[in-house]
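Colleague: I should like to learn how to read the strands and the nonpolar core of a model such as this one. May we begin with the strands?

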Amino acid sequence: MTRTLVVIPTYNEADNVAWIVEQLHLAQPGVDVLIADDGSPDGTGEIADSLAADDPRVNVMHRSGKQGLGSAYRAGFAWGIERGYDVLVEMDADGSHRPEDLGRLLEASDAGADLVLGSRWVDGGGVVNWPWHRRFISRGGTFYARLMLGIPVKDATGGFRAFHRQTLEKLPLDEVASQGYCFQIDMARRVLGAGMTIVEVPITFVERERGESKMSGGIVREALWRVTVWGLQRLISKPSRLRRS
């Protein structure tokens, strides 16, 4: 039987964490959850501990201070791999990733995809209550990543994903320093660079109703800078490969 772990990073998600875990288990009762809390000052970690005390499917990782999304996922992946989970899922705490869409990701994973992306920009996907500038950042970020890195995906920045354990074991996760949107782009390019497969399935992304978005100008700047550097490295390496051949 496939064992699935949903990793949910949190920082100041006291209004959402209990609700999202409840909704997730209504949609997928058989999955386990790891809440990776970055020392939230609003009591998110304490709420998570209470959930874990009442439900053996819920686990909590307390991290010291706000270390970022990429760091939380790397730590969560390592935790899950160590405990023998077969599929590891990225999911936001704020309800933007609908638990009822998780089944599509797990079906594609079971069918053999090394990485499954929940995609807003494929047929059947979409967004709800998203302002124009967020649409622009998401679609523009994917366009730029496709252009600079040659990755053939339609939603490179989305954070609703399912990895096979073997996929993660083949990647040098300790070398991944990127965060936010950039972490998602980085992981996709590494999966493709290792010769593994990515499948996109449609999801509906819903703008959060409670709490504050973690999106910031720094996250966008990091993605722009790193993708540009990776793209230039890719262009420089092409002539070298041609000369060697």
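**Strand 1 and its surroundings**

Modeller: Strand 1 runs parallel to strand 2, and 6 bridges join the two. Please bear in mind that this is a predicted model.

Colleague: Which residue of strand 2 is the bridge partner of T10?

Modeller: The partner of T10 is D37. From strand 1 the chain passes through helix 1, residues 17–27, before it reaches strand 2, and this β-α-β crossover is right-handed.

Colleague: How many bridges join strand 1 to strand 4?

Modeller: There are 4 bridges between strand 1 and strand 4 (residues 87–90), and these strands also run parallel. Within this pairing, T4 stands opposite V87.

Colleague: How should I read the directions of the side chains along a strand?

Modeller: In a regular strand, side chains alternate between the two faces of the sheet. In strand 1, T4, V6, I8 and T10 point one way, whereas L5, V7 and P9 point the other way.

Colleague: Are the residues of strand 1 buried or exposed?

Modeller: Buried, in this analysis, means under 20% relative accessible area. In strand 1, 7 of the 7 residues are buried, so the strand is largely enclosed by the rest of the structure.

Colleague: What does V87 touch, leaving aside residues up to four places away in sequence?

Modeller: V87, which lies in strand 4, touches T2, R3, T4, L5, L106, S109, A162, F163 and H164. V87 has a relative accessible area of 1% and is therefore buried. The C-alpha atoms of V87 and A162 are separated by 6.5 Å, although the two residues are 75 residues apart along the chain.

Colleague: Let us turn to the core. Which members of the largest nonpolar core touch the most other members?

Modeller: They are F77, L149, I185 and M187, in a core of 40 residues. The elements giving two or more residues to this core are strand 1 (4–10), strand 2 (32–37), helix 3 (69–82), strand 5 (115–119), helix 5 (132–149), helix 7 (180–193) and helix 8 (217–244). Helix 7 supplies the largest share, 7 residues.

Colleague: Which residues does F77 touch, again not counting those up to four places away in sequence?

Modeller: F77 touches L88, E90, F163, L168, L173, F183 and M187. Apart from this core lies another, of 25 residues, with L24, V33, A48 and V116 among them.

Note on methods
Residues are numbered from 1 along each chain as its sequence is written. This is a predicted model: local features need pLDDT of at least 70, side-chain atom pairs count only at pLDDT 80 or more; totals for chains, interfaces and linings use all residues. Side-chain values use heavy atoms; hydrogens and water are left out. A nonpolar core is a set of buried Ala, Val, Leu, Ile, Met, Phe, Trp, Tyr and Cys residues joined through side-chain atoms within 4.5 Å. Buried means under 20% relative accessible area, exposed over 50%, partly exposed in between (1.4 Å probe, protein chains only). Contact means heavy atoms within 4.5 Å. Two strands pair if DSSP finds at least two bridges between them. A crossover is right-handed if, with the strands pointing away from the viewer, the path from the first strand over the helix to the second runs clockwise.
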